[in-house]
Amino acid sequence: MPRDREPLSVGRVIGDVLDPFTRSISLRVNYNSREVNNGCELKPSHVVNQPRVDIGGEDLRTFYTLVMVDPDAPSPSNPNLREYLHWLVTDIPATTGANFGQEVVCYESPRPTAGIHRFVFVLFRQLGRQTVYPPGWRQNFNTRDFAELYNLGSPVAAVYFNCQRESGSGGRRP
């Protein structure tokens with residue numbers, strides 16, 4: 001598929017969050033029974049609990065880091081908190097899932113208040129086990145800078161979903 005028609009490019013994940021990369025491993029993200037596919041729509045009520053994340057590969061001695069960010073915080077028209085860090089897990093062995101890794105920043109469920117937000121899962125291959133320190137705050141996280149700081153190189157997989165405030169929640173009360 002031409003890179004400009006690739007879903008991560010169409011959804012501006014390539015550009016806003018990541019540089020172009022070649023996917024080299026499988027990454028499956030499921031909220032209950034719903035698998036996340038690029039650009040799919042999930043409601044905040046579907047993503048309250050952390051998802052099941054399954055990682056491909058062959059060798060348990062290969063480790064991965066998973067980052068989940070919202071590049072549209074607090075609103076797509078004014079993303080001045082870009083990127084908001086929702087989850088950070090390191091030392092995930094290949095062939096397993098995020099629950100086998102080291103949770104550095106606990107999962108925070110998406111609760112967009114304005115507009116349609118993209119929530120991006122990015123997977124990096126680690127050179128080996130390593131200590132990763134939690135950032136001081138979740139807002140203005142930068143996936144590119146994080147990858148450079150910890151020598152992670154280019155992503156090996158990424159997937160994103162769209163989410164917006166559910167109608168009927170919030171608003172004025174009589």
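**Stop 1: Strands S1 and S4**

Select strands S1 and S4 in this predicted model. The two strands run antiparallel and are joined by 4 bridges. To see one of the pairings, display Val29, whose bridge partner in S4 is Val53. In general, the strands of a sheet pair through hydrogen bonds of the backbone, in either a parallel or an antiparallel sense.

Keep S4 selected and show its side chains, residues 52–55. Which residues form the covered face of S4, and which the uncovered one? Val53 and Ile55 belong to the covered face, while Arg52 and Asp54 belong to the uncovered face. Side chains of a regular strand alternate between the two faces of the sheet.

**Stop 2: The rest of this sheet**

Add strand S2 to the selection. S1 and S2 are also antiparallel, and they pair over 2 bridges. Here Tyr31 stands opposite Arg34, a residue of S2. With S2 included, the selection shows an open sheet of 3 strands in the order S2-S1-S4, paired in the antiparallel sense. S2 and S4 each have a single partner strand and stand at the edges, so each of them has one side without a neighbour in the sheet.

**Stop 3: The loop between S1 and S2**

Select Asn32, in the loop that lies between strand S1 (27–31) and strand S2 (34–35). Asn32 is not a glycine, yet its phi is positive, near 55°. Is Asn32 buried or exposed? Its relative accessibility is 73%, and Asn32 therefore counts as exposed.

A second residue with a positive phi can be selected for reference. Arg12 is found in the loop between helix H1 (7–10) and helix H2 (13–16). Its phi is about 60°, although Arg12 is not a glycine. The relative accessible area of Arg12 is 49%, and the residue is partly exposed.

**Stop 4: The loop between S5 and S6**

Move to the loop between strand S5 (63–70) and strand S6 (84–93), where Pro74 is placed. Display the backbone of Ala73 and Pro74. The peptide bond from Ala73 to Pro74 is cis, and its omega is near -5°.

Now continue along the chain to Glu83, which is found in the loop between S5 and S6 as well. What kind of peptide bond joins Arg82 and Glu83? The bond is cis, with an omega of about -15°.

**Stop 5: Gln126**

Select Gln126, in the loop between strand S8 (117–125) and helix H3 (143–149). Gln126 has a relative accessible area of 4% and is buried. Show its side chain together with the backbone of Gly128: the side chain reaches the backbone oxygen of Gly128 at 3.0 Å.

Next, display the residues around Gln126. Leaving aside residues up to four places away in sequence, Gln126 touches Phe63, Tyr64, Thr65, Thr90, Asp91, Ile92 and Leu152.

**Stop 6: The cysteines**

Select Cys40, Cys106 and Cys163 and show their sulfur atoms. How many disulfides does the structure hold? The number is 0. Cys40 is in no disulfide, and the nearest cysteine sulfur, which belongs to Cys163, is 9.8 Å away. Cys40 is buried, with a relative accessible area of 17%.

Why is the sulfur of Cys106 in no bond with that of Cys163? The closest cysteine sulfur to that of Cys106 is in Cys163, and it lies 18 Å away, which is too far for a bond. Cys106 counts as partly exposed, at 45% relative accessibility.

**Stop 7: The whole chain**

Finally, clear the selection and view the chain as a cartoon. Its secondary structure comes to 3 helices and 9 strands. In sequence order, these elements follow the pattern α-α-β-β-β-β-β-β-β-β-α-β. The chain has a radius of gyration of 16 Å, close to the 16 Å given by the globule rule for 174 residues, so the chain is as compact as a globular protein of that length. Along its principal axes, the C-alpha trace spans about 60 × 35 × 35 Å.

Switch to a surface display. The chain exposes about 9,400 Å², and carbon and sulfur atoms supply 47% of this area. Of its 174 residues, 48% count as buried. Among contacts between residues at least 6 apart in sequence, 73% join residues at least 24 apart.

Key
Residues are numbered from 1 along each chain as its sequence is written. This is a predicted model: local features need pLDDT of at least 70, side-chain atom pairs count only at pLDDT 80 or more; totals for chains, interfaces and linings use all residues. Side-chain values use heavy atoms; hydrogens and water are left out. Buried means under 20% relative accessible area, exposed over 50%, partly exposed in between (1.4 Å probe, protein chains only). A polar contact is a pair of N or O atoms within 3.5 Å; within protein, one must be able to donate a hydrogen and the other to accept it, and residues adjacent in sequence count only if both atoms are side-chain atoms. Contact means heavy atoms within 4.5 Å. A disulfide is a pair of cysteine sulfur atoms within 2.5 Å. Two strands pair if DSSP finds at least two bridges between them. The radius of gyration is taken over C-alpha atoms; the globule rule is 2.2 Å times the number of residues to the power 0.38. Accessible areas come from the Shrake-Rupley method with a 1.4 Å probe; for residues, only the protein chains shown count as cover.
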